Structures are given as C-alpha cells and as structure tokens.
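Take a look at the fold first as a whole, then residue by residue. The walk below begins at one loop position and widens from there.

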Amino acid sequence: MGKVTRASAHLTEKEIIAKLRQVKGSITVQKWLAILHALVSPAEAADIAQRVGLGVQTVHNLISSYNRLGPSAIEGKPGKGGRRNQHMTPEEEKEFLAPFFERALEGKIATVAEIQAEFERRVGKKVYSSVVYRLLERNGWRKIVPRPRHPKADPEEQESFKKTSNERSPK
C-alpha cells in the first residue's frame, strides 16, 4: 500500500464545492475534485487520479502545490494560449509600426530586415525574422512587396513605346 495523499485545509469542503460550481473548463474541475477528494477522504494518489481522471504525477504535483500555496496554486495559473512571452504589448506594437505605416503611405518600401533591425534595437536583443513576420500579421500587414508600377512612370510614354516597338510576328 502506498502513501496516503492528503490536502491541507486551506478551504472547507463547502467552499471547494462552491468553487466547483463557479469554474469553467474540465481540467480545472478535475483539479478541484482531486483536492476535494484528498481533503474529504484521503487516499493514495493513484486512487484519486483514477477517480477524477488525472494522471498520478499530476495529482502529486497538484496536491503538493495546493498544500504549499493554497487556492492560488489552481486559480493563479493561466490556461493555455495567450501572449505570456510577448516583447511588446499590442498598443506598443501599433506605436512601433506607426512610422513604417506613414512611410508606406508615401510610397516608400519597408523591408522586414529594416523593421527587424529597429525591433531588435527597441527590445534590446536579437529576434528571429519569424517574430517580425508574426508582428506584421497581427497588425494587419500583408506580405510586403514593391508597388506594381513606379510612381514616376509616365503612362503616355509607355503607350507610345508600345505602339512603336516591334511586335513579334505570328508563325
């Protein structure tokens, strides 16, 4: 027989049941159920894991952190997703890209290399070009390519060239 897993009485049974009714997401419910089980009827971690649908090691880690930190061990951890490793907030990103937007409106080309160099200077470390491409995509930029025609091109001159140039004869 293994070691009995017990939870500290940071919350009462009624408080845990109230938390169970409030939380959303199956994994959070399973975590609270494991804590409730370890508080009301302590048992081996394998038994608790089987009853609530978690892994044995997950139950060990969960009860250990709950005993040390209390309810914040479950409530404090963010779920999956989000931007926890961001270099800049969305507002800072918009502010950073504003000069490049202004230059683009004037018809000047903004390359990823120069945006990346400025970004690295701003955040103070080297980043991969994929970081810059994702930054541009998040802020509504599509693939940066040159304009289809030169701004100083003369349409009349192009038409006269088309008329005077030799056409290939069909064979």
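**From one loop residue to the whole chain**

Met88 lies in the loop between α5 and α6 (90–105). Helices here are DSSP runs of H or I with at least four residues, strands are runs of E with at least two, and both are numbered from the N terminus. The model is predicted, so local features need pLDDT of at least 70, side-chain atom pairs count only at pLDDT 80 or more, and totals for chains, interfaces and linings use all residues. Residues are numbered from 1 along each chain as its sequence is written, and side-chain values use heavy atoms, with hydrogens and water left out.

Is Met88 buried or exposed? Met88 is buried, because its relative accessible area is 4%. The cut-offs are these: buried means under 20% relative accessible area, exposed over 50%, and partly exposed in between, with a 1.4 Å probe and protein chains only. Which residues does Met88 contact, beyond its neighbours within four places in sequence? They are Arg83, Glu93, Phe96, Phe119, Arg122 and Val123. Contact means heavy atoms within 4.5 Å. Take Val123 from that list. Met88 and Val123 are 35 residues apart in sequence, yet their C-alpha atoms are 8.0 Å apart.

Glu93 is another of the Met88 contacts. Glu93 sits in helix α6. At 3% relative accessible area, Glu93 is buried. Outside four places in sequence, Glu93 is in contact with Arg83, Met88, Leu135, Arg138 and Asn139. Arg83 thus appears for Glu93 and also for Met88. Glu93 and Arg138 are 45 residues apart in sequence, with C-alpha atoms 9.3 Å apart.

Now step along to Lys94. Lys94 also belongs to helix α6. Its relative accessibility is 54%, so Lys94 counts as exposed. Glu93, in contrast, is buried. Lys94 and Gly82 are twelve residues apart along the chain, and 18 Å separates their C-alpha atoms.

Helix α7 (residues 112–123) comes next, with Glu120 in it. Gln116 has its place in α7 too. Glu120 is buried at a relative accessible area of 15%. Gln116 counts as buried, with 15% relative accessibility. What do they touch, apart from residues up to four places away in sequence? For Glu120 the partners are Lys125, Lys126 and Val127. For Gln116 they are Val127, Tyr128, Ser129 and Val132. Val127 is thus a partner of both Glu120 and Gln116.

Turn to the N-terminal part of the chain and helix α2 (residues 26–40). Does its length fit its residue count, or not? The expected span is 1.5 Å times one less than the number of residues. The 15 residues of α2 should therefore span 21 Å, and the end C-alpha atoms are 21 Å apart, which agrees. Which residues of α2 are buried? They are Gln30, Trp32, Ala34, Ile35, Leu36, His37 and Ala38. The cover over them includes β1 (4–5), α1 (13–22), β2 (43–44), α3 (45–52), α4 (56–69) and α5 (72–75).

One of those covering elements is α4, and Val59 lies in α4. Val59 is buried, with a relative accessible area of 0%. Leaving aside neighbours within four places in sequence, Val59 is in contact with Ala45, Ile48, Ala49 and Leu54. Val59 and Ile17 are 42 residues apart in sequence and 18 Å apart in space, C-alpha to C-alpha.

Now the whole chain. The protein has nine helices and two strands. From the N terminus, the elements run β-α-α-β-α-α-α-α-α-α-α. The radius of gyration is 30 Å, well over the 16 Å of the globule rule for 171 residues, so the protein is more spread out than a compact globule. That radius is taken over C-alpha atoms, and the rule is 2.2 Å times the number of residues to the power 0.38. Along its principal axes the C-alpha trace spans about 95 × 45 × 30 Å.

Of the 171 residues, 26% count as buried. Among contacts with a separation of 6 or more, 57% come from residues 24 or more positions apart. The protein exposes about 12,800 Å², with 52% supplied by carbon and sulfur atoms. These areas come from the Shrake-Rupley method with a 1.4 Å probe, and for residues only the protein chains shown count as cover.
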